[in-house]
Amino acid sequence: MFESHHHLLDMGHKTPENEMDLIRDDEYESKSGTDIMEAPSGDDQDPNQRPKKKRYHRHTQHQIQEMESFFNECPHPDDKQRKELGRRLGLEPLQVKFWFQNKRTQMKAQHERHENSQLRAENEKLRAENIRYKEALSNATCPNCGGPAAIGEMSFDEQHLRIENARLREEIDRISGIAAKYVGKPMLSYPHLSPGGSRSLDLGVGNYGPQTGMAGEIYGAADLLRSVSGPTDADKPVIIELAVAAMEELIRMAQTGEPLWIPSTDNFAEVLSEEEYVRTFPRGIGPKPLGLKSEASRESAVVIMNHINLVEILMDVNQWSSVFSSIVSRAVTLEVLSTGVAGNYNGALQVMTAEFQVPSPLVPTRENYFVRYCKQHTDGTWAVVDVSLDNLQRPASISRCRRRPSGCLIQELPNGYSKVTWVEHVEVDDRAVHSIYKPLVNSGLAFGAKRWVATLDRQCERLASVMANNISAGDVGVISSPEGRKSMLKLAERMVMSFCSGVGASTAHTWTTLSGSGADDVRVMTRKSMDDPGRPPGIVLSAATSFWLPVPPKRVFDFLRDENSRSEWDILSNGGLVQEMAHIANGRDPGNSVSLLRVNSANSSQSNMLILQESSTDSTGSYVIYAPVDIVAMNVVLSGGDPDYVAFLPSGFAILPDGPTNQAGGAPEVGSGGSLLTVAFQILVDSVPTAKLSLGSVATVNSLIKCTVERIKGAVLCEGA
């Protein structure tokens with residue numbers, strides 16, 4: 001329609017009859033591809049007389065090739081471009097104009113034909129799959145009694161009621177939307193889902209280019225997660241049966257107390273009784289394989305988000321890996337077996353792979369191939385469960401980590417809050433974990449339920465802050481509008497995700513150990529950055545090291561986030577004065593904030609540098625992440641511009657406790673209330689992506705990170721003495 005409208009505007013002086021002639025000529029052109037008509041101008045015509053017969057000119061092969069190549073670059077040339085092209089090819093500008101109009105019509109028709117055939121094929125595929133699922137479900141057996149299962153069987157009346165229900169929900173949404181305009185009350189929203197569509201909640205999380213949901217891709221390494229294929233048709237009934245049994249197990253694991261869960265001797269956490277577990281759940285994914293040890297934990301919390309949004313985050317792989325970017329280093333949905341019933345995720349079933357991490361190159365990631373199942377229960381509680389599908393993996397591989405039924409129960413509370421009960425239950429071979437991280441991993445703090453819940457609670461606070469439109473009294477400095485505040489928080493979120501995806505020991509990229517011994521090794525990794533608006537082009541060197549400090553994590557965190565002590569460790573600030581220009585509080589803890597810092601260099605010949613920094617903390621870990629940013633680009637963001645085109649390379653710190661803090665005083669040792677600190681830098685060593693990495697660059701980065709570590713150790717230990 002837009003195209004036709006465009007033609008009418010261009011040819012306002014022509015009669016309707018001429019317009020029809022044009023359309024006929026379009027058809028003629030699309031048949032021949034080379035002929036073009038030369039229309040008389042409005043001045044030459046007598047309105048009462050039929051137009052003269054058009055003269056057709058066959059364009060030369062050269063003219064067509066030139067116009068084709070110009071069309072690929074610019075399908076809508078302006079007057080100046082048409083004149084220039086006509087002059088170059090020996091054609092009238094009007095001829096050029098008509099050729100381009102016809103070409104656009106032709107391309108549009110081709111595109112529509114292609115799209116129609118694709119949709120038809122997709123429709124056929126869905127119809128065939130639907131028939132297969134119905135057959136598979138009719139053969140499924142009940143996990144409790146062994147009899148035929150009634151999953152998915154739906155009477156005509158029930159189907160009719162569900163369709164009616166979806167229609168009524170849409171009606172409610174529409175009416176409440178109109179009411180909200182006039183009454184000023186917030187609109188009640190139901191998630192209307194379309195299979196396979198992007199379901200971003202616009203909560204400041206979601207699609208930030210190629211790294212979202214598949215963070216490993218940015219390293220250009222062979223992607224191991226994609227090598228796992230989706231399930232075969234024969235596997236699907238088995239998967240459904242397993243998911244139903246896993247859901248039942250999760251609910252009992254979340255709600256049962258003793259003797260299944262026993263309080264630990266130090267009252268630090270609950271411990272799962274393995275004997276009671278095997279007695280209670282004899283079925284499931286089979287006995288524990290040799291060489292793997294069990295890790296089980298349970299945690300509850302009330303979070304500031306409604307249950308519908310929480311379910312949406314868990315069931316959308318992009319949102320899930322964004323919100324939990326410090327734990328989920330990569331994730332892919334391989335196949336959606338069910339999108340749920342009309343209007344929500346109740347009954348949704350998807351096969352996934354994911355990689356879970358601790359922010360340190362000294363702790364290997366844990367990879368899982370699993371099914372995720374979401375269900376709404378009669379009491380209004382929602383549950384989302386994961387269970388490993390390693391037995392169905394082809395080629396069969398010995399898994400280093402199996403996920404027994406794990407996930408969460410979400411209970412709706414008043415005022416838009418939710419109570420979340422999380423269960424993590426895995427079997428894992430963690431012998432490759434470095435000795436300084438063993439107490440943390442063994443305690444369940446590294447990968448357990450407490451970390452998932454603390455991260456979710458922290459992110460819910462952050463999302464509430466992103467959505468707030470008022471600039472609170474805690475926000476100071478150069479931010480003058482809600483849009484600027486939102487853009488700066490979105491930019492900071494991309495910085496945090498980029499940092500988290502490059503600091504762990506992922507299977508997507510291998511670290512090279514440079515020097516030192518034991519935990520003080522510096523690990524380096526290089527990657528090429530090309531065609532990514534969010535990063536500067538060239539060769540990027542990532543360097544990271546982890547070490548132990550006999551100082552509580554809070555003291556290390558407060559030291560590193562404070563702009564006044566920055567000159568003590570930040571070599572790049574060159575001893576200059578660091579000043580906070582903007583501050584956004586985004587959580588209850590004063591340590592949770594996004595800042596814009598200006599480094600006033602001591603050397604007046606150097607230009608002043610801006611640094612974007614986010615600091616965040618919860619009971620299981622803290623982060624201080626920062627990136628130098630361009631002043632011009634930052635001004636665009638502060639005025640509410642798109643933050644996705646700001647190129648930067650994040651560096652920073654991950655500060656974790658060295659284990660459960662339950663030991664009494666005495667000599668400081670790992671596991672006694674000290675900190676595990678990971679320092680990670682990303683530096684552009686060459687702005688040409690095809691350049692070779694020089695040994696000098698590696699040596700410079702190595703000495704930079706070692707010097708930073710020494711400065712931090714010196715300052716923190718001296719301060720703590």
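## An aromatic cluster, cavities and selected residues

Ring pairs link Trp320, Phe324, Phe356, Trp422 and Trp452 into a cluster. One member of that cluster, Trp320, also has a charged partner, since the charged end of Arg372 sits over its ring at 4.1 Å from the centre. The model in which these arrangements are seen is a predicted one, and the values below were computed from its atoms.

### The chain as a whole

The chain comprises 721 residues, of which 50% count as buried. Its secondary structure comes to 16 helices and 22 strands. Among the contacts in the chain with a separation of 6 or more, 67% are made by residues that lie 24 or more positions apart.

### Aromatic pairs and charges over rings

A pair of aromatic rings is described by the distance of the centres and the angle of the planes. In this chain the count of aromatic pairs comes to 13, and two of them are set out in the table.

| Ring pair | Distance of centres | Angle of planes | Class |
|---|---|---|---|
| Tyr277 and Phe281 | 5.3 Å | 50 degrees | tilted |
| Trp569 and Phe653 | 5.0 Å | 85 degrees | edge-to-face |

Tyr277 and Phe281 are both buried, and their planes, at 50 degrees, fall in the range that makes the pair tilted. In the other pair, Trp569 belongs to the loop between α14 (553-561) and β17 (577-585), while Phe653 belongs to strand β21 (residues 651-657), so the two rings tie together parts of the chain that are 84 residues apart in sequence. Trp569 has a relative accessible area of 0% and is therefore buried, the limit for that class being under 20%. Phe653 likewise counts as buried, at 0% relative accessibility.

Besides the charge over Trp320, there is an arrangement of this kind at Phe71, where Lys103 lies over the face of the ring at 6.0 Å from the ring centre.

### Cavities and a pocket

Rolling a probe the size of a water molecule over the atoms shows where empty space is left. The structure holds seven cavities of 30 Å³ or more, and the largest cavity has a volume of about 320 Å³. Its lining is made up of 23 residues, and those nearest its centre are Ser326, Gln459, Val496, Ser616 and Tyr623. Two or more residues of this lining are given by each of α10 (317-323), α12 (449-467), α13 (482-501), β19 (609-618) and β20 (621-629). By residue type, the lining of the largest cavity divides into seven nonpolar, ten polar and six charged residues.

The second largest pocket has a volume of about 860 Å³. It is lined by 44 residues, with Leu272, Ser294, Glu295, Ala296 and Ser297 the closest to its centre. The elements giving two or more residues to this lining are β4 (270-272), α8 (274-280), β5 (293-303), β8 (366-376), β10 (401-403), β12 (418-428) and α12, and the largest share, seven residues, comes from β5. The lining of this pocket divides into 19 nonpolar, ten polar and 15 charged residues. Helix α12 is thus named in the lining of the largest cavity and again in that of the second largest pocket.

### Val420 and its surroundings

Strand β12 contains Val420. How is Val420 classed, buried or exposed? With a relative accessible area of 2%, Val420 falls under the 20% limit and is therefore buried. When its neighbours within four places in sequence are left aside, Val420 is in contact with Glu299, Ser300, Ala301, Val303, Leu310, Cys408, Leu409 and Leu456. Trp382 is 38 residues away from Val420 along the chain, and the C-alpha atoms of the two residues are separated by 9.7 Å.

### Backbone features in two loops

Two further residues are noted for their backbone geometry. The peptide bond from Glu258 to Pro259 is cis, with omega near 5 degrees, and Pro259 is placed in the loop between α7 (236-255) and β3 (261-263). Asn415, a residue other than glycine, has a positive phi near 65 degrees, and its position is in the loop between β11 (406-412) and β12. Asn415 counts as exposed because its relative accessibility of 72% is over the 50% that this class requires.

Methods: Residues are numbered from 1 along each chain as its sequence is written. This is a predicted model: local features need pLDDT of at least 70, side-chain atom pairs count only at pLDDT 80 or more; totals for chains, interfaces and linings use all residues. Side-chain values use heavy atoms; hydrogens and water are left out. On a 1 Å grid over the protein atoms alone, a cavity is a set of points where a 1.4 Å probe fits but cannot get out, and a pocket is an open set with protein on both sides within 12 Å along at least five of seven lines; lining residues have an atom within 4 Å of a point. Grid points are joined across faces, edges and corners, and a volume is the space filled by probe spheres set on the points. Helices (H or I, at least four residues) and strands (E, at least two) are DSSP runs, numbered from the N terminus. Ala, Val, Leu, Ile, Met, Phe, Trp, Tyr, Cys and Pro count as nonpolar, Asp, Glu, Lys and Arg as charged, and the others, Gly among them, as polar. Buried means under 20% relative accessible area, exposed over 50%, partly exposed in between (1.4 Å probe, protein chains only). Contact means heavy atoms within 4.5 Å. Rings of Phe, Tyr and Trp (its six-membered ring) pair if their centres lie within 6.5 Å; planes under 30 degrees apart count as stacked, over 60 as edge-to-face and the rest as tilted. A charge sits over a ring if NZ of Lys or CZ of Arg is within 6 Å of the ring centre and within 35 degrees of the ring normal.
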